[in-house]
Amino acid sequence: TALPISGTRVSHSKMLRFCSKTTFNLFRTGFACRQISRFSVPKIDDLPADIQTRMREVESKSGFIPNVFKTLARRPEEFRAFFAYYDAVMTSEMASRLTKAEKEMIIVATSAANKCNYCVTAHGAILRIYAKAPPLSEQIATNYEMAHITDRQKAMLRFAMVVAQGRDVSDDDFAKLEEHGVDKETAWDIGAVAALFALSNRMAHVARMEPNDEFYYMGREMKPQK
């Protein structure tokens, strides 16, 4: 993008358009040049049939294959084990005490604490969609205590932090949940989500996994309510 000529008067609106276009192009170019992992990534056609099927199903729904699938697929047995537990915790009808948005809140808050760029970015996008609230992912990642969520949800996130950061989970932690009407079975669900993504966070660090560009734009279309 050509810079405005020095010494030439440029309107404020033109300068904003120039800056926006330049920033967008740099953003796209920079991310397009990055490797998605420090490890080798297999070609989809070389993978076992069941893993190819799962990846194609995800692609048909979202329009792209998240890089976590490509990265973990280098070890098929670990891929299957990870996503089997993911399905049990995140999508099983038995684990329905938490809403989909609440599970994503847990992932974003704990992943931010664990400094996992991949999970904050990817699940921040999913949270924006489930909660139908574009600002919420940044609020949760930055300081969930100030986020526009309920006191019950903040209590859940405090409990999740204890689990994700490897601190001792005490009876007092459970008591604080119960003060907000959260029973032990729901506490198990919170712990399962936080523990699963503590693993995911650490493997993302090991692999130096990069988020897909698409995640940055997802769920941002809603207009602010007046």
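## D87 and the helix α4 to helix α2 link

In this predicted model, D87 is partly exposed, with a relative accessible area of 26%. The side chain of D87 meets that of R54 in a salt bridge, with 2.8 Å from N to O. This pair links distant parts of the chain, since D87 lies in helix α4 (residues 76–91) and R54 in helix α2 (residues 49–62), 33 residues apart. R54 also counts as partly exposed, at 22% relative accessibility.

## Other salt bridges

The structure holds 10 salt bridges, one of which joins the side chains of E78 and R75 at 3.1 Å, N to O. E78 is partly exposed, with a relative accessible area of 45%, and R75 likewise counts as partly exposed, at 46% relative accessibility. D45, R56 and E59, for their part, are linked in a network of salt bridges.

A further salt bridge is formed by D189 and R97, whose closest N and O atoms are 2.9 Å apart. Here too the pair links distant parts of the chain, with D189 in helix α10, R97 in the loop between α4 and α5, and their positions 92 residues apart in sequence. D189 counts as buried, at 10% relative accessibility, whereas R97 counts as partly exposed, at 37%.

## E102 and its surroundings

R97 appears again in the surroundings of E102, a residue of helix α5 (residues 100–113). When neighbours within four places in sequence are left aside, E102 is in contact with R97, R152, Q153 and M156. E102 is buried, with a relative accessible area of 6%, and it counts as such because the cut-off for a buried residue is under 20%.

## Helix α10: a buried and a partly exposed leucine

Helix α10 (residues 184–207) contains L199, and L196 is found in helix α10 as well. L196 is buried, with a relative accessible area of 3%. Not counting residues up to four places away in sequence, L196 touches F82, Y85, Y86 and V89. L196 and A164 are 32 residues apart in sequence, and their C-alpha atoms are 8.8 Å apart in space.

L199, by contrast with the buried L196, counts as partly exposed at 45% relative accessibility. Together with F39, M203 and V206, L199 forms a nonpolar patch on the surface, and the accessible area of these residues together is about 330 Å².

## Cysteines

A search of the whole structure finds zero disulfides. The closest cysteine sulfur to that of C116 belongs to C119 and is 3.5 Å away, too far for a bond, because a disulfide requires the two sulfur atoms to be within 2.5 Å. Seen from the other partner, C119 is in no disulfide, and the nearest cysteine sulfur is that of C116. C116 is buried, with a relative accessible area of 1%, and C119 also counts as buried, at 1% relative accessibility.

## Overall architecture

The protein has 10 helices and zero strands, so that the order of elements from the N terminus on reads α-α-α-α-α-α-α-α-α-α. Of its 226 residues, 39% count as buried. Among contacts between residues at least 6 apart in sequence, 65% join residues at least 24 apart. The protein exposes about 13,700 Å², and carbon and sulfur atoms supply 56% of this area.

## Confidence in the model

The mean pLDDT of the protein is 87, and 81% of the residues reach 70 or more. Over residues 1–8 the pLDDT is below 50, and this stretch has nine contacts in the model beyond near neighbours in sequence. Among the elements, helix α3 (residues 67–72) has the highest mean pLDDT, at 98, and helix α1 (residues 12–32) the lowest, at 46.

The pLDDT also stays under 50 over residues 18–32, for which the model has 16 contacts beyond four places in sequence. Where pLDDT is low, predicted coordinates should not be read in detail.

How values were computed. Residues are numbered from 1 along each chain as its sequence is written. This is a predicted model: local features need pLDDT of at least 70, side-chain atom pairs count only at pLDDT 80 or more; totals for chains, interfaces and linings use all residues. Side-chain values use heavy atoms; hydrogens and water are left out. pLDDT is the predictor's confidence in each residue, from 0 to 100. Helices (H or I, at least four residues) and strands (E, at least two) are DSSP runs, numbered from the N terminus. Contact means heavy atoms within 4.5 Å. Buried means under 20% relative accessible area, exposed over 50%, partly exposed in between (1.4 Å probe, protein chains only). Accessible areas come from the Shrake-Rupley method with a 1.4 Å probe; for residues, only the protein chains shown count as cover. Patches are made of residues with over 30% relative accessible area and no salt bridge: like charges are joined within 9 Å, nonpolar side chains (Val, Leu, Ile, Met, Phe, Trp, Tyr) within 5 Å. A salt bridge is a side-chain nitrogen of Lys or Arg within 4 Å of a carboxyl oxygen of Asp or Glu.
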